[in-house]
Amino acid sequence: MEETCQHVLERDKLDKESKKRARKQMRAAHTVLRHAGISTVSHATQSLVIANGGLGNGVSRERLLDMLKGFGSVLSLLMPPNKPYAFVRYDSFEDAKMAFLTLNGCKLQAEGQPVTLYVNFVDKVDFKEHSTQSLPPGLLVVEDFVSLEYEQELLQLMALNTATQAAPKKSLKHRKVKHYGYEFCYDNNNVDLNAPLPGGLPIICDDVIDECMKNGYLKSKPDQLTINQYEPGQGIPPHIDTHSAFEDIVMDFKHPDGQNVSVLLPQRSLLVMKGESRYLWSHGITPRKSDVVPVINADAAQIVSSDLGNLTLNKRETRTSFTFRKVRQTPCNCVYPSVCDSQSAGKLNVPPSVPQSEVDASRLEQDFVHKVYEEIAGHFSSTRHSPWPKVVEFLKSLSSGALVVDIGCGNGKYLGVNKDLYMIGCDRSRNLVEICRERQFQAFVSDALSIPIRDGICDACISIAVIHHFSTKERRLAAIKELMRILKPGGKALIYVWALEQEYNNKKSKYLKENKAQLSQIDMKEAKHYELTSITCTHNMEDTSEDTAEEPFQAELTVHTNRTSFLSKDLLVPWHLKGISKNSRETDKPRVESDIEPQSSAVFHRYYHVFSKGELEELCTKIECVQILSSYYDQGNWCVIIGKLL
């Protein structure tokens, strides 16, 4: 009898594991459908999708292919970059079926962390071929520019601590660095022309400089050198070098129109940046432990293409770079004024104003919401780790298996609070979405005014601290309408917005209670500091279109003093960019910020419209299908739960 009971318990345990695995398979199928538009099928085919077996999970092509070949002849293996899945096609149905039966629930080591694979059949895999990319104009990569012997001599410069011609070695947040000629100031991305370092550039670098000048890579001898050394997982935040500081100088590149080009730079190579690549494209190295690289010629300089059949992971090692610059003695007059600090200097003190047109509103939000969150994503995420109790209460009140969308999900802190829900998130910030994906949450980049989800398919959605970033009443209303569009009839939405009233029922909000003396000492200078920092990330706000020229902007937006009561409804709230805390989970996550060191505490300004009592409910009642189920005040926020009428 005892033995029989033991068999029953073991069978029940196996049944539970099978059901859990089946649920995971179903979720994996939904993920592939959303990300790639590819539907899984229940019948056996020659093609499989391997969830959790993608480059985005840290699984290399070689490791996955080695496992897959154990079940038969593999015809193709497609691995999309940064995605948590891969596609394999076998030579026969039998091979594919054997892999399907064996791999489900199987564990695989990926960058030191085990991942569990979930497998589904697919009929076919179609991916659009991207047009062939080319290097940004003005960019040149010269392979094998430095010999093995000379490489070792140059590396000694980083090891020296007492060279009289060198500035003291510094240990920064993202790397080790040494300066020669002039010290690069990270608080303003510039150099102090009146404070040259003793000794000039090291003599050992003369051979590199002479070779560059002989081949026309440099017009004149450089007078500034920065040596950077990065450990695996470290990188350079994307940035455009200050125009007024340096002439042409000897990574991921991004054009202002959104075009991205990833260039593979092999060991001992030379990268020359001139013209457009130097002055218009931003460049940086995403902090991660492995890079997506081509399998073929992985050690040669080239653009990382979109050939999904030729991509794998390459583990990073310690990297040292030598950057030579020529200090500029006169203002820059390049042909890229939109990103030139010299040419925009006279326009930086024009403060933005409350928008009067859709064009102005979109521009204001782009400069004071979207761009700012891209810059502060890593630091912002490190401060957003505790879910608000009433939001958790709402999510836990929903039925098991409900499809819930978090609009403006940030770093995804609400996506995992209820494991019984099927939750996905979206956010306007690509860098915050990347953090969500690193945490294994399902998220995609989307504007809250145009969510790429079909009408009426969601059981619920949440919008926490998002709608107050829209700068006109019409756009705030449109954001709520978009929430209702994707809800099923009978579905519910929870909305939080920042409240004008930070003292309610004779109680101060948590925001006001956290007002410390040291904060006020910083924030009393905000209005003056604004002219120096916040406008640098904006367009020239007086350049309006002709149809709005006769109707000037209203009052200028004021800069709010942190941890104090709000004095106006439309304002700019400072964010002091600091280093990510040691306890943060984001130390290895991609993050974007100006090339400013943590101790400088750069200030960015975010646009907010703070809501007065009853304003949020009034907006909701303007939508015919909306029913207000409840409304309340929660720690400095006005909140509503609304339902979509049947």
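Student: In the sheet of 3 strands, which are the edge strands?
Tutor: This is a predicted model, and here 3 strands make an open sheet with mixed pairing, in the order 30-31-32. An edge strand pairs on one side only. That picks out strand 30 (558-559) and strand 32 (602-609).

Student: What is the bridge partner of Leu572 in strand 32?
Tutor: Strand 31 covers residues 570-577, and it pairs with strand 32 in the antiparallel sense over 8 bridges. Look across to strand 32 from Leu572 and you land on Tyr607.

Student: Which helix packs on that sheet, and at what angle to strand 32?
Tutor: Go for helix 8, residues 358-382, which touches strand 31 and strand 32. Its direction against that of strand 32 comes out at about 130°.

Student: OK, on to the sheet of 7 strands: what does the twist average from one strand to the next?
Tutor: This open sheet runs in the order 25-24-23-26-27-34-33, again with mixed pairing. Its edge strands are strand 25 (443-445) and strand 33. From one strand to the next, the twist averages 15°.

Student: Do strand 24 and strand 25 run parallel or antiparallel, and what is the partner of Cys426?
Tutor: The two are joined by 3 bridges and run parallel. Within strand 25, the residue bridged to Cys426 is Phe444.

Student: Which element gives the most residues to the largest nonpolar core?
Tutor: That core has 36 residues, and Ile407, Ile453, Ile467, Ile480, Ile495, Leu616 and Ile642 touch the most other members. Elements giving two or more residues include strand 23 (403-407), strand 27 (487-498) and helix 15 (615-621). Another of the contributors, helix 11 (473-486), lies across strand 23, strand 26, strand 27, strand 33 and strand 34. With 6 residues, the top contributor is helix 11.

Student: Which residues of helix 11 does Ile407 touch?
Tutor: Leave out residues up to four places away in sequence, and the contacts of Ile407 include Cys426, Ala448, Ile451 and Ile462. Helix 11 spans 473-486, so check that range among the contacts; the list there includes Leu483 and Ile486.

Student: Why do the buried residues of helix 3 sit on the same side?
Tutor: Helix 3 is residues 93-103, and its buried residues are Asp95, Ala96, Ala99, Phe100 and Leu103. They share a side of helix 3 because the arc they cover around the axis is only 140°.

Student: And which residues are exposed on the other side of helix 3?
Tutor: Exposed here means over 50% relative accessible area. On that other side, the exposed residues are Glu94 and Leu101.

Note on methods: Residues are numbered from 1 along each chain as its sequence is written. This is a predicted model: local features need pLDDT of at least 70, side-chain atom pairs count only at pLDDT 80 or more; totals for chains, interfaces and linings use all residues. Side-chain values use heavy atoms; hydrogens and water are left out. A nonpolar core is a set of buried Ala, Val, Leu, Ile, Met, Phe, Trp, Tyr and Cys residues joined through side-chain atoms within 4.5 Å. Buried means under 20% relative accessible area, exposed over 50%, partly exposed in between (1.4 Å probe, protein chains only). Helices (H or I, at least four residues) and strands (E, at least two) are DSSP runs, numbered from the N terminus. Contact means heavy atoms within 4.5 Å. Two strands pair if DSSP finds at least two bridges between them. Axes are lines fitted to C-alpha atoms, for helices over the stretch in contact, and angles run from 0 to 180 degrees between N-to-C directions. The arc is that of the directions from the helix axis to the C-beta atoms.
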